[in-house]
Amino acid sequence: MTSGGDAPGMNAAIRAVVRQADALKVEVYGVWRGYQGLVDQEWRPLTTRACANILQRGGTMLNTGRCQSWHLPAVRAQAARDLRDAGVDALVIIGGDGSFTGAEILNRETGIPCAGIPGTIDNDLPGTDRTLGFDTALNTAVQAIDRIRDTANAHERLFLVEVMGRSSGMIAVNTAIACGAEAVLYPEAEEHTYEALVVQLRAGWERGKRSSIVVVAEGDTTGGAFQIGERLRNDYGLDLRVVVLGHIQRGGSPTALDRIYGSMWGSEAVKRLVAGETSFYLGVQNGEMVSIPLNRIHDKRPAPPKELAALAGILAR
Ligand code: F6P
């Protein structure tokens, strides 16, 4: 099943799970709409042919969602009984931290083997250097900001561009580097203030810059792109613009990298479950595929490297 926010590459992982399982003569059912599908027993067989032509598509053929009732122990216990009655031996969950937390609890309470495949554009799971969808979302944001740069230049304007990441600055910081943004604001930053942003922008102006781009993560605590924009308008009379990239970053055809990781992780999840592993999620560390104990999902989430955020400021001269 896929769960939580969709991410490009999820379909690649579904296809790989189904086809690797078929190669090992294991039957696969798809669960529709994430955990809600487990609660509602909305599952049906997934054949290798049902996965034709999905590798290159964004979204998820299984649909997805966030299921509030999964927080209730009685709901989880009933779902576990239903799964056992249906003869299900193991679950593969493609999703982010909320989805893996749900799987970890299910596994701990009921012993149902669970394998996680990291699928979230936020790239914020402990123990893995990347998650499915991050590369695609990053490239989408970069392409969009390159276009904004053209018009910002033409009008000699300041743009505040909001990118996704309610509690993660991974997309924001990496986008800022790749777009040559003049500044980046993101939730994990320890010290950035409105005043510091003004100093940074003023320094650019004094060096002759007449247009600037500030990348703001959705979850930034300075006030968000609209509020900062309003403040700058009031304080300095700037003719600035605010752009929210929003869900554009979540859709679209996955990059080659997201397809490759989706394929590798999908296959690996099946092989490890068949070999008897019962509580893990997959990841990559320093280029090597790794299996991470599912309970590590409660560890501290990775934040963007501080040096990378500082570099954006240094290079914007
Ligand atoms: O977790 C992925 C993500 O895209 C976040 O970056 C974003 O804050 C959130 O999902 C948006 O969720 P929704 O689609 O429910 O508005």
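In this predicted model, helix α7 (residues 194–206) and helix α8 (residues 224–236) pack at an angle of about 65°, and their axes lie 12 Å apart. The crossing of α7 and α8 is right-handed. On the α7 side, the contact involves Y194, E195, L197, V198, L201 and R202, which meet I228, R231, L232, D235 and Y236 of α8. Sorted by class, the residues of this contact are seven nonpolar and four charged, with no polar ones.

A second helix pair is formed by α6 (residues 170–179) and α10 (residues 306–315), whose axes come within 9 Å and cross at roughly 35°. Here the crossing is left-handed. From α6, the contact draws on V173, N174, A176 and I177, while α10 contributes L308, A309, L311 and A312. This contact of α6 with α10 has seven nonpolar residues and one polar residue, and no charged residues.

A third pair brings together helix α1 (residues 10–23) and helix α9 (residues 256–274), with axes that come within 7 Å and cross at roughly 35°. The crossing of α1 and α9 is right-handed. Residues A12, A13, R15, A16, V17, Q20 and A21 of α1 meet R259, G262, S263, G266, S267, V270 and K271 of α9. By class, six nonpolar, five polar and three charged residues make up the contact of α1 with α9.

Helix α9 also leads to one of the sheets, for α9 lies across β3, β4, β9 and β10 and runs at about 145° to β9. These strands belong to an open sheet of four strands with the order β3-β4-β9-β10 and mixed pairing. Its edge strands, each paired on one side only, are β3 (91–95) and β10 (288–293). From one strand to the next, the twist averages 25°.

The mixed character of this sheet can be followed through β9. Strand β4 (residues 114–118) pairs with strand β9 (residues 279–285) in the parallel sense over three bridges, and A115 has F280 of β9 as its bridge partner. By contrast, β9 and β10 pair in the antiparallel sense, over six bridges. The bridge partner of F280 in β10 is P293. F280 is thus a handy place to start when inspecting the sheet, with bridges to A115 and to P293. Strands β9 and β10 form a hairpin with two residues between them, and N286 in the turn has a positive phi of about 50°.

The other four-stranded sheet to consider is also open, with the order β6-β7-β5-β8 and parallel pairing. Strands β6 (183–185) and β8 (241–244) are its edges, each pairing on one side only. Neighbouring strands of this sheet are turned by 20° against each other on average, direction ignored. Within the sheet, strand β5 (residues 158–163) and strand β7 (residues 212–217) pair in the parallel sense over six bridges. One of the bridges to look for joins V161 to its partner V215 in β7.

Turning to the open spaces, the largest pocket holds about 730 Å³. It is lined by 33 residues, of which G4, G5, R66, D97 and G98 are the closest to its centre. Helix α4 (residues 97–110) provides the largest share of the lining of the largest pocket, with six residues. The lining of the largest pocket comprises six nonpolar, 17 polar and ten charged residues.

The second largest pocket has a volume of about 620 Å³. Among the 29 residues that line the second largest pocket, V26, E27, V28, Y29 and A90 are the closest to its centre. Several elements already described take part here: α1, β1 (29–31), β3 and α9 each supply at least two residues of the lining of the second largest pocket. Of the elements, α1 gives the most, with four residues. By class, the lining of the second largest pocket divides into 24 nonpolar, two polar and three charged residues. Helices α1 and α9 thus meet each other through the residues listed above and also contribute to the lining of the second largest pocket.

Key:
Residues are numbered from 1 along each chain as its sequence is written. This is a predicted model: local features need pLDDT of at least 70, side-chain atom pairs count only at pLDDT 80 or more; totals for chains, interfaces and linings use all residues. Side-chain values use heavy atoms; hydrogens and water are left out. Axes are lines fitted to C-alpha atoms, for helices over the stretch in contact, and angles run from 0 to 180 degrees between N-to-C directions. A crossing is left-handed if the near helix is turned anticlockwise from the far one by less than a right angle, and right-handed if clockwise. Contact means heavy atoms within 4.5 Å. Ala, Val, Leu, Ile, Met, Phe, Trp, Tyr, Cys and Pro count as nonpolar, Asp, Glu, Lys and Arg as charged, and the others, Gly among them, as polar. Two strands pair if DSSP finds at least two bridges between them. On a 1 Å grid over the protein atoms alone, a cavity is a set of points where a 1.4 Å probe fits but cannot get out, and a pocket is an open set with protein on both sides within 12 Å along at least five of seven lines; lining residues have an atom within 4 Å of a point. Grid points are joined across faces, edges and corners, and a volume is the space filled by probe spheres set on the points.
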